[in-house]
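Here is a short briefing to read alongside the model. Please keep the viewer open as you go through the points.

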Amino acid sequence: MSASANHEQRLEREAAFHDEWAASIDPATTLVDETFTAPTAVENQHILAQFGPLQGKRILDYGCGAAEAGVYFAKQGAKVVGVDVSLGMLAVARRLAERHGTSIEVRHVTGASIPADAGEFDLIYGNGVLHHVDLSLAKPELARVLTPSGKGCFIEPLSYNPVIEIYRRIADTVRTADEHPLSFPDIEGFRMYFDDVTHREFWLATLAVFLRFYLWERVDPKNERYWKKIYTDAERLRGFFTPLRRLDDVVLARVPALGRLCWNTVITVSGPRRASPS
């Protein structure tokens with residue numbers, strides 16, 4: 001089977017999975033502000049610091065899903081375009097924006113290209129998207145649509161922690177068959193398309209939250225997405241989570257190598273190179 005055919009089948013599988021998920025999403029109960037303001041929203045708070053003021057910025061919500069982030073950005077005055085392979089998710093994104101008194105433009109992804117012009121966006125945001133896609137196709141496209149002075153930030157899971165790998169195996173019904181958590185070489189590969197590439201890791205001691213869900217509270221990871229529950233239950237978890245977050249900050253600052261055992265990394269890129277590498 002050709003690479004093109006493989007890619008098309010992958011898109012179809014991802015679209016079908018996320019269309020089914022979208023059918024279960026109620027915009028009335030979908031959190032928006034909390035995904036950036038909750039004590040557990042450590043990655044998004046880091047990204048806001050990287051992005052700076054959002055008013056008037058052109059932002060791509062890459063693989064937007066229900067577009068909680070895109071709607072949040074629009075509420076801050078940004079001009080947001082959400083792209084996704086799932087028409088169901090794009091419909092949810094429209095309804096979520098309407099519920100919050102704002103609007104975002106949505107565009108359907110049907111192939112390897114991002115449906116956008118070269119240099120169209122000042123900022124690109126992605127949350128848990130890159131590990132669903134073919135990185136060899138995604139990286140040059142992200143560089144193409146980013147303005148020369150722009151910046152992109154992506155929250156992605158890492159592939160190294162054995163406890164998280166066990167969780168992934170258990171939670172197979174809420175994950176897609178084509179997911180591939182990122183490695184540090186995957187991140188380094190962004191240097192082929194961007195002049196500046198950095199990453200910061202999150203969730204080391206704080207992963208005790210997942211153990212709490214599974215061992216203490218008996219939350220079935222096959223039926224409930226833990227990466228959503230950290231937002232819906234954030235206030236209840238505050239007293240448990242906050243000291244663990246402080247411990248993470250100290251430990252990771254002193255021993256950065258332990259970052260490979262974290263759940264997530266935030267990749268920040270800038271200085272896009274338009275031409276493909278030779």
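Helix H5 makes a good starting place: for its 13 residues (87-99), a rise of 1.5 Å a residue gives an expected span of 18 Å, and the end C-alpha atoms lie 19 Å apart, which agrees. Bear in mind that this is a predicted model. From H5 we move to the loop before it, then to the salt bridges and a pair of helices.

**Helix H5 and its surroundings**

- The buried residues of H5 are Met89, Leu90, Val92, Ala93, Leu96 and Ala97. They sit on the same side of the helix, because the arc they cover around the axis is only 160 degrees.
- Leu87, Glu98 and Arg99 are exposed on the other side of H5.
- The pattern fits helix geometry: an α-helix has 3.6 residues a turn, so residues three or four places apart point the same way.
- After H5 comes Gly101, which has a positive phi, near 70 degrees.

**Ser86, in the loop leading to H5**

- Ser86 belongs to the loop that joins strand E2 (79-84) to H5.
- Is Ser86 buried or exposed? Its relative accessibility is 0%, so Ser86 counts as buried.
- Leaving aside residues up to four places away in sequence, Ser86 touches Ala15, His18, Asp19 and His108.

**Salt bridges**

- How many salt bridges does a search of the whole structure find? The search finds 18, and three of them are worth a visit here.
- Glu68 and Lys228 form a salt bridge in which the closest N and O atoms are 2.9 Å apart. This pair links distant parts of the chain, with Glu68 in helix H4 (residues 68-75) and Lys228 in helix H10 (residues 226-232), 160 residues apart.
- Within that pair, Glu68 has a relative accessible area of 14% and is therefore buried, whereas Lys228, at 31%, is partly exposed.
- Arg169 and Glu165 form another salt bridge, with an N to O distance of 3.6 Å. Both belong to helix H7 (residues 162-170), where being four residues apart means a separation of about one helical turn.
- Arg169 counts as exposed at 63% relative accessibility, while Glu165 counts as partly exposed at 28%.
- Glu217 and Arg236 meet through their side chains at 2.8 Å, N to O. This salt bridge also joins distant parts of the chain: Glu217 lies in the loop between helix H9 (208-216) and H10, and Arg236 in helix H11 (residues 234-254), 19 residues apart.
- Glu217 is partly exposed, with 25% relative accessibility, and Arg236 is partly exposed as well, with a relative accessible area of 41%.
- Which residues are linked in a network of salt bridges? Arg212, Glu217, Glu224, Lys229, Asp233 and Arg236 are.

**How H9 meets H11**

- The axes of H9 and H11 come within 10 Å and cross at roughly 140 degrees. Helix H9 is therefore oblique to H11, since only angles over 145 degrees count as roughly antiparallel.
- On the H9 side, the contact is made by Ala208, Val209, Arg212 and Phe213. Helix H11 contributes Arg236, Leu237, Phe240, Phe241 and Leu244.
- Two residues tie this contact to the previous topic: Arg212 of H9 and Arg236 of H11 take part in the contact, and Arg212 and Arg236 also belong to the salt-bridge network.

Note on methods. Residues numbered from 1 in each chain as written. Predicted model: local features only at pLDDT ≥ 70, side-chain atom pairs only at ≥ 80, totals over all residues. Heavy atoms only, no water. Expected span 1.5 Å × (residues − 1). Buried < 20%, exposed > 50% of the residue type's maximum accessible area, 1.4 Å probe, protein only. Arc of directions from axis to C-beta. Salt bridge = Lys/Arg side-chain N within 4 Å of Asp/Glu carboxyl O. Axes fitted to C-alpha atoms, helices over the stretch in contact; angles between N-to-C directions. Parallel < 35°, antiparallel > 145°, perpendicular 65-115°, else oblique. Contact = heavy atoms within 4.5 Å.
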